[in-house]
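Q: Please take a close look at a single part of this model and the segments linked with it. Please explain each technical term once.

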Amino acid sequence: MRFLFILITCCIGFYALNAQSKYGGIPFVRNFSTITYRAGIQNWAIVQDARGLVYIANNFGLLEFDGNHWGLYTPHNASKMRSVTLDGSGRIYVGCQGEFGYFFPNKNGQLEYTSLADSLPDQFRNFDETWSVFLDDGKAYFCTFTNIFVYDDDSISVVQPENLLELSFFVNRELLVNERGKGLTRLENNELKLIKGGDFFKDISISSILPAFNGHYLISTFQHGIYFLDRNGNITPWNNNRQAYFSEAIVNCMIRLKNGNYAAGTQNNGLLILDEKGEELLQLTSGRGLDNRTVLSVMEDDLHNLWIGNNNGLAYVELGSPFTFLNEETGLPGTGYTAYLDDANLYLGTNTGLYLKNSSGTSEPYTLIEGMRGQVYHIGRYRNDLLVGHHNGAFRIDGKHAELLSSEPGGWIFLSLDNSPKLIEGVYNGIQFLSHSNGHWSFSKKPSGYRESSRVMEQDRDGYLWITHGYKGVFKLDLDVEQEHINSVEFYGKEKGFRSNLLINVFRIRNDLVFTSEQGVYKYDKREDRFIPEPLFSGLLGDNVVLWCIREDALGNIYFMGEDYIGVMKKNSVGGYDLETSIFNKVRHFLNDDLQNIVILNNNEVLFGAKEGFIHYDPALKINRKPGIKSHIRRFSTTSDRDSVLFYGNFVNNGNVAETQTKEYVITLPYRNNSVNFTFAATSSFESDAELMHQYYLSNFDKGWSEWTTQTQKEYTNLREGTYVFHVRSRNVYGELSNETLYRFKILPPWYRTAWAYTGYGVFVFAFLFTGFGLLDRKYKHERKLMTLKQRKELIRKDNEMETLAQKNREEITRLKNEKLEAELLHMNKELGTSTMLILNKNEFISKMKDNLKGLVDKSDKANMPKELSRIVHDIEGNLSSDTDWEHFQVHFDNVHGDFSRRLRTAYPQLSPQEMKLSAYLRMNLSTKEIAHLLNISVRGVEISRYRLRKKLGLDRKLNLQEFILKF
């Protein structure tokens with residue numbers, strides 16, 4: 001029966017045996033200290049929920065890890081937590097010191113503890129540790145050292161054993177309990193019954209029981225090794241040769257891995273990965289991957305990686321990764337440069353020396369080959385000899401010893417020449433020949449004619465040796481192999497097709513030479529004698545790709561590393577190549593950046609030279625990326641006044657923990673809390689150097705996705721009222737995108753922008769308008785009245801102004817008329833003056849005639865008398881026309897003096913013409929002398945005439961004639 005079990009487990013674990021390479025190292029490990037997770041040192045049990053969140057039973061309570069943030073939840077009495085398990089709804093059952101119960105999210109998404117132990121009767125309440133919690137068919141089993149409590153349908157029943165209990169186990173839906181003094185028992189109908197062979201363990205403490213084929217068990221004990229128990233009760237050691245080792249190690253826990261292997265956590269020797277026979281495949285302990293050698297709990301997650309609960313801290317072991325480290329923690333010191341798998345022996349060359357690893361087990365130490373301390377560049381088997389290129393020269397390895405072949409410093413590489421028994425060695429300053437005799441290689445000759453460094457070289461089909469120099473270019477050597485002579489050296493650089501002379505290397509790929517450069521990959525065109533782009537690499541990686549190293553395995557897969565890429569071109573079934581780079585992103589920054597190298601072992605496993613040793617890649621192991629990376633909203637809080645968490649990361653839908661938000665969790669915030677903060681995380685991506693990046697945007701605010709960032713928080717401030725949806729997604733180092741996680745929330749408007757406010761505004765506006773229009777109407781009426789009065793006043797004013805203006809116009813007209821009259825009067829006065837002057841002139845003329853006549857009389861010259869008289873007559877006739885002057889004068893005079901002559905004549909018809917003239921001259925206010933002149937009388941005659949005129953006018957003596965005439 002045992003043979004059948006082993007056969008079946010061998011079949012099941014066949015893949016695992018092949019996947020666990022003998023030449024691998026330790027996996028990537030991420031250690032978490034108490035400073036990191038801020039809780040107790042001991043971690044007793046670990047589980048993972050459907051969302052990928054990890055829960056750990058810690059000394060201080062329940063630890064929660066979402067990939068970015070740690071949380072701690074404690075029961076009411078804050079006792080040490082010993083066990084944890086999950087049911088299908090997401091309820092987290094826990095067992096503690098003197099306490100048990102469960103955690104489940106409350107309405108805010110925060111885990112809230114409910115004690116079940118508090119409902120126990122008083123006689124059962126005082127119990128010790130609850131070391132195990134199991135779930136089955138709706139029942140929860142809380143196992144202590146004294147009783148077993150069964151929680152079913154909100155009631156608790158108690159199983160009371162005869163003896164004290166040790167640890168309990170749940171296997172194949174059966175509760176197995178190791179009862180002291182009795183042995184291994186099974187719970188049946190609330191009774192513990194001894195199973196076949198169970199009494200073997202009555203004095204032995206069992207640490208774990210695992211199911212095996214056909215109802216058999218694999219049982220580990222703390223201090224007595226590991227046993228196989230079949231259905232008939234037969235007990236045999238699992239591995240006789242390692243039984244003592246297991247006993248000394250003290251196995252604290254053990255689980256069956258999904259690949260068929262086993263993981264055992266020990267007290268003294270860390271974590272052991274064992275095959276189906278109990279042989280050790282891997283050990284991780286203090287200084288070898290782990291920070292602590294005591295393992296209290298082990299859990300395999302969805303990615304086939306292990307969570308390790310240590311006595312002091314936690315660790316995450318990437319057991320499902322195809323990459324492992326060969327470094328100083330495994331016993332290999334230094335930076336990795338070269339390696340070679342020689343039969344069962346793996347030789348590794350670092351900057352500290354050449355080391356041999358025995359392939360019988362990964363825990364075997366590396367042995368430094370005697371005489372091989374220092375920088376190693378190359379190792380390979382050439383015919384019967386294993387040759388090493390070393391800083392100190394060329395060596396042949398014999399077992400664990402080295403023999404010097406050449407002391408020429410700087411043995412870069414060895415190259416077998418086609419169709420020739422000779423071997424070429426590249427050194428610091430040229431090349432040299434090695435010849436084969438008596439079954440071994442020996443130094444032969446160093447030819448002259450070429451003294452460049454020869455680290456990289458290949459021979460083409462025509463026998464030419466191509467040597468590349470990283471800073472100069474390419475040299476083509478024509479060799480005379482028989483004479484060990486260099487016939488010619490030809491240089492190739494920019495002028496022959498390369499874009500520059502830098503970073504050029506040569507590799508043999510698909511039985512042809514491929515040249516990498518600073519810009520692109522090339523091949524040699526013999527016909528054109530120049531280099532042209534190589535189509536395979538240019539097509540898959542681009543024309544400007546910078547590659548440092550290329551290697552091809554036996555299956556035709558092409559591995560490469562460069563400035564922007566590290567990966568493999570996998571040869572497919574139709575002869576083409578499929579590019580795979582994402583899984584290699586994880587190891588990129590670990591690689592050696594000095595002399596980059598890829599080593600293909602003869603079993604097609606790959607070693608990459610690393611800064612610390614090597615990174616081993618096993619292509620047979622496929623990374624399980626299911627269920628893949630998941631993004632979660634872990635906190636939602638407001639930051640307006642003070643930080644206030646409103647959501648704690650857990651949705652509940654129909655009584656089950658859910659991954660998506662339901663309407664019950666849509667929070668409505670008052671406007672004063674319009675500044676919010678989101679905290680998010682990505683689970684199922686707990687690896688070290690996961691390089692998690694996140695992207696987010698807030699609909700109704702952001703225009704699109706943000707740039708990728710490592711930040712796991714985002715704050716928004718001063719948001720307006722409205723409905724918002726926060727979107728977040730994550731990306732891991734493999735380029736995988738998570739689901740898009742959403743969180744919806746609402747912000748109410750400020751009170752002055754609410755519906756009630758707008759209603760109030762409407763009422764206020766209506767009232768305001770009503771009142772306003774009323775006031776406006778009253779104002780309008782009042783203003784209209786005032787306007788009417790004003791208009792009336794204005795009309796009156798206008799009338800007054802018009803009247804005034806009319807008066808002014810009349811006055812102006814009068815003034816103008818007066819001015820006209822004055823002008824006419826002035827004109828008439830001028831006419832009167834002229835008439836008067838004419839009259840005066842006439843009177844002067846008459847006086848003159850008078851004088852002339854007197855003179856004529858006096859001369860009495862009768863002879864001239866007629867002549868003189870004729871002249872006088874002529875002058876008189878010339879002045880007769882002047883008689884009309886008085887008539888002309890009288891017309892103008894009457895016009896000026898208001899028809900004075902007519903009025904005077906009418907009033908005093910008795911006046912003579914001479915008196916009328918005198919009156920006119922007096923009216924003109926002429927002097928007596930002037931009047932005498934005009935009347936042609938003497939002054940005395942004027943006085944007499946005035947006197948006569950007074951009498952005719954009937955004037956009193958008191959009246960002045962002049963004044964009367966002027967006033968008449």
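A: R38 counts as exposed at 71% relative accessibility, where exposed means over 50% relative accessible area, buried under 20% and partly exposed in between (1.4 Å probe, protein chains only). The model is predicted, so local features need pLDDT of at least 70 and side-chain atom pairs count only at pLDDT 80 or more, whereas totals for chains, interfaces and linings use all residues. Residues are numbered from 1 along each chain as its sequence is written, and side-chain values use heavy atoms, leaving out hydrogens and water.

R38 is not a glycine, yet its phi is positive, at about 55°. The residue sits in the loop that connects helix 3 (34-37) with strand 3; helices (H or I, at least four residues) and strands (E, at least two) are DSSP runs numbered from the N terminus.

Strand 3 (43-48) leads to the second largest pocket, as it supplies at least two residues of that lining. Strand 7, strand 11 (132-136), strand 15 (165-171), strand 19 (206-211), strand 23 (251-256) and strand 28 (295-300) each do likewise. The lining of this pocket has 38 residues, and W44, A45, F134, I255 and V298 lie nearest its centre. A pocket is an open set of points on a 1 Å grid over the protein atoms alone, with protein on both sides within 12 Å along at least five of seven lines, and lining residues have an atom within 4 Å of a point.

Strand 7 (residues 81-86) holds R82. R82 is buried, with a relative accessible area of 8%. Beyond its neighbours within four places in sequence, R82 is in contact (heavy atoms within 4.5 Å) with residues including W44, A45, E129 and W131. W44 and A45 thus appear both among these contacts and among the residues nearest the centre of the pocket.

A second non-glycine residue with a positive phi of about 55° is E484. E484 counts as buried, at 8% relative accessibility, whereas R38 counts as exposed. E484 is found in the loop between strand 46 and strand 47. These strands belong to an open sheet of 4 strands in the order 44-45-46-47, with antiparallel pairing; two strands pair if DSSP finds at least two bridges between them. Strand 44 (456-459) and strand 47 (485-492) are the edge strands, each pairing on one side only. Strand 45 (residues 465-469) and strand 46 (residues 473-480) are joined by 5 bridges, and T468 has V474 in strand 46 as its bridge partner.

Notes
On a 1 Å grid over the protein atoms alone, a cavity is a set of points where a 1.4 Å probe fits but cannot get out, and a pocket is an open set with protein on both sides within 12 Å along at least five of seven lines; lining residues have an atom within 4 Å of a point.
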